[in-house]
Amino acid sequence: MAGRWRRMTITTACAGLIMPGAGLAAQAHAGAAASYLGANCQAGAHTLAPPGSHLYPETGNGGYTSVHTLVHLVYNAATNEFLPGNSVLLTDRATECLSSFSLDFERKSANTGAGPDMTVRSVTVNGTAARFTFVQPTYPGDPHGQNDPNPAAHEASQTNPVGGPRHNPLPPACSPELPNTRTSPDALDGTQCPANKLVITPAAPVPNGSVFTVKVSYTGRPGVHNDGDGTTEGWFRAPDGGFVTTEPVGSEDWMPLNDYPAAKPTYDFSDTVNLGKTVLANGVLISEQRNPASAEFPGGSVTWNWHSPAPVASYLVEDSVGNYHLTERVADNGTRYYQAQDLAIPAARRQKNRAIMNLQQNITEFESQFSGSYPFTSDGVVVGTPPASFEEEMQTMITFAGGFINTDVLYHENMHQWWGDHVTESNYTMTFYKEGMATLAEELYQARLAEDKAGGPYSAKGQAAFQASLVKQFNQIYASAGSFWTVAPSNPEPAGLFSGSSTYARPSAAYIALRQILGPGNFTQALEQVQAGYGGGSITEAQWEAAFSRWLPVQTSACRARLSQFFTQWFDTAYPPGGGANRPRISGPGLHGPDFYNPEGGCS
Ligand SMILES: [Zn+2]
């Protein structure tokens, strides 16, 4: 995601975000179910977030891994509603014997205007009807279990502990859903979390190791999620349809899923919509079939089938429907490039947008020089009209909002196809890892412009200009003062996750320094090895560090220790304000700041 701009409009006039609690009585019921099923089977965890998390601790579900998802929308674009027959079919693999398990699904919101208003009609497990209920999340690691009867175990906050008016000393169970960007980030601390955990109890326990299917049928209006920074993400209403851009957690506002970055099933989409509407999703377009008129679609309908053979992280699932003009082109290396724009965008603007969209193959080839070969069989861009406050790297179908695309941000979002999409962060606290790489792509673009001006990539002057540009950009970032260094990139709060220097500029400067420390060749080798080793899955900060450590040109324990210090300073340390001495004190060769190496070329 490119940094969010905070909209100054009020998205909802709600009086409060306390959802009437379906929670506790239903939880007691689920607990009773577990006890008669025997000691070997238990309820799957209602979160994947580590204990103490204060960044979306409510998300993810344990006890199984997500293997494949078939999305089957039956969607009336005119009324913005999912109709009877609308469903998702999730294929999962149990990692323990499950008496029950959960999904994330925000079917109703305090945001009654743009938020979702959906109803679950039925749930089946392996084709057999299952019981289901919605419960509140509990703070991860609660020793009293996920059905803790203490209401304080189910409260929202930006921070750990919750604090709030009643000085709750426990960690938060969810990140607050701020009604708008003018609300204080702490305004909802201590309020009850909404009951967005869909707990499913199958007729019989699911044995450990077995692959099982879960079909959730639901109807109603999809919508947006109010985030901890007061902006919204999810299913935005577009003229005659919807525009889907969801980072970090808004996918659950249009479909039930295991809503966690490291949960990455493959996807098929089979969406039936009004005749004349276009469906845009991840992967490649397989077919488009016309259906005869029906009760739901008196004017006829069309079923669009998309297929993503590559796994897709929770926040990168694309499924927009509307008046999109879609084109497809196959590049000489076989990659399919899709371009889509909402027809409501004025023609002159669309033409300007198209000129930038046409750069995508060239940008992909440029970025491949640093990241390795392009990881997917397709790539694409959709320009929508809703004024979502951000652009996003939806896998193989990048979303631009507000009817407008620009080149710099296309470099950013396209770089995410390697960093975030193919190799996903292991959890939300590692958002800096992939945003830093995407910001690096913007800096590489600036260096490329300098290179072209000086004679191009095959001239010595051009290459020198490229290098000088990166050094200059590092030095500018490193000179930052004020509050620039005051948040540790790996410990952000929801309110600042997508707007702070800790997520974008600071880690990007660290990567320029790492390129100097390893040398450009080794730096690219490290990146390519990460793509090969972790592609299709996710990576932790320790694994990320180890990849660079392996490619240090000086393989001594002192240099490996110094690299660990470098990671701690650049990614894990909050400094007092001011800059100067209050910033990372390890830099790289040729850059401002103390060098990584000593004068003898070693580390000390
Ligand atoms: Zn980004």
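# Exercises on a predicted model

In strand 6, Leu-98 is the bridge partner of Gln-42. The exercises below concern a predicted model, and the opening one starts from this pair.

## Exercise 1: a sheet and the disulfide beside this pair

Task: determine which strands make up the open sheet that has the order 1-6-10-9, which strands are its edges, and how strand 1 runs relative to strand 6.

Solution. Begin with the pair of strands that holds the bridge named above: strand 1 and strand 6 run parallel and are joined by three bridges. In general, strands of a sheet pair through backbone hydrogen bonds, in either the parallel or the antiparallel sense. Next, extend the view to the whole sheet, which is open, consists of four strands in the order 1-6-10-9 and has mixed pairing. Strand 1 and strand 9 are the edge strands, since each of them pairs on one side only. Averaged over the sheet and with direction ignored, neighbouring strands are turned by 25° against each other.

Task: establish which cysteines form a disulfide with sulfur atoms 2.1 Å apart, and what handedness the torsion of this disulfide gives.

Solution. The pair is Cys-41 and Cys-97, whose sulfur atoms lie 2.1 Å apart. Cys-41 belongs to strand 1 (residues 41–43) and Cys-97 to strand 6 (residues 97–104), so the disulfide ties together parts that are 56 residues apart in sequence. The torsion about the S-S bond of Cys-41 and Cys-97 is about 70°, so this disulfide is right-handed. As a last step, consider the surroundings of the two residues: both Cys-41 and Cys-97 are buried.

## Exercise 2: the other disulfides

Task: find how many disulfides the structure holds, and describe the links of Cys-174 and of Cys-559 by partner, handedness and place.

Solution. The structure holds three disulfides, and with bonded cysteines counted along the chain they follow the pattern 1-2, 3-4, 5-6.

Step one concerns Cys-174, which forms a disulfide with Cys-193 at a sulfur-to-sulfur distance of 2.2 Å. Both Cys-174 and Cys-193 lie in the loop between strand 9 (131–135) and strand 10 (197–201), so the pair ties together parts that are 19 residues apart in sequence. The link of Cys-174 and Cys-193 is left-handed, with -100° about the S-S bond. For the burial of these two residues, the cut-off is under 20% relative accessible area; Cys-174 has 3% and is buried, and Cys-193, at 0% relative accessibility, counts as buried too.

Step two concerns Cys-559, which is joined to Cys-603 by a disulfide with an S to S distance of 2.0 Å. Cys-559 lies in helix 10 (residues 557–571) and Cys-603 in the segment after helix 10, so the pair ties together parts that are 44 residues apart in sequence. The torsion about the S-S bond of Cys-559 and Cys-603 is about 90°, so the disulfide is right-handed. Both Cys-559 and Cys-603 are buried.

## Exercise 3: the largest pocket

Task: state the volume of the largest pocket and work out which residues lie nearest its centre and which elements give two or more residues to its lining.

Solution. Start from the volume, which is about 350 Å³ for the largest pocket. Its lining comprises 14 residues, of which Phe-366, Gln-369, Phe-370, Glu-451 and Pro-457 lie nearest the centre. The elements that give two or more residues to this lining are helix 3 (360–371), helix 5 (431–453), helix 6 (460–478) and helix 8 (520–534). Sorted by character, the lining residues of the largest pocket are six nonpolar, four polar and four charged.

## Exercise 4: the largest cavity

Task: count the cavities of 30 Å³ or more, and find which element gives the most to the lining of the largest cavity.

Solution. The count comes to five cavities of 30 Å³ or more, and the largest cavity has a volume of about 80 Å³. Residues lining the largest cavity include Tyr-64, Asp-92, Leu-257, Asn-258 and Ser-314. Strand 2 (64–72) and strand 5 (87–94) are the elements that give two or more residues to this lining, and strand 2 gives the most, with three residues. By character, the lining of the largest cavity divides into seven nonpolar residues, four polar ones and one charged.

Technical notes
Residues are numbered from 1 along each chain as its sequence is written. This is a predicted model: local features need pLDDT of at least 70, side-chain atom pairs count only at pLDDT 80 or more; totals for chains, interfaces and linings use all residues. Side-chain values use heavy atoms; hydrogens and water are left out. On a 1 Å grid over the protein atoms alone, a cavity is a set of points where a 1.4 Å probe fits but cannot get out, and a pocket is an open set with protein on both sides within 12 Å along at least five of seven lines; lining residues have an atom within 4 Å of a point. Grid points are joined across faces, edges and corners, and a volume is the space filled by probe spheres set on the points. Ala, Val, Leu, Ile, Met, Phe, Trp, Tyr, Cys and Pro count as nonpolar, Asp, Glu, Lys and Arg as charged, and the others, Gly among them, as polar. A disulfide is a pair of cysteine sulfur atoms within 2.5 Å. Buried means under 20% relative accessible area, exposed over 50%, partly exposed in between (1.4 Å probe, protein chains only). Two strands pair if DSSP finds at least two bridges between them. Axes are lines fitted to C-alpha atoms, for helices over the stretch in contact, and angles run from 0 to 180 degrees between N-to-C directions.
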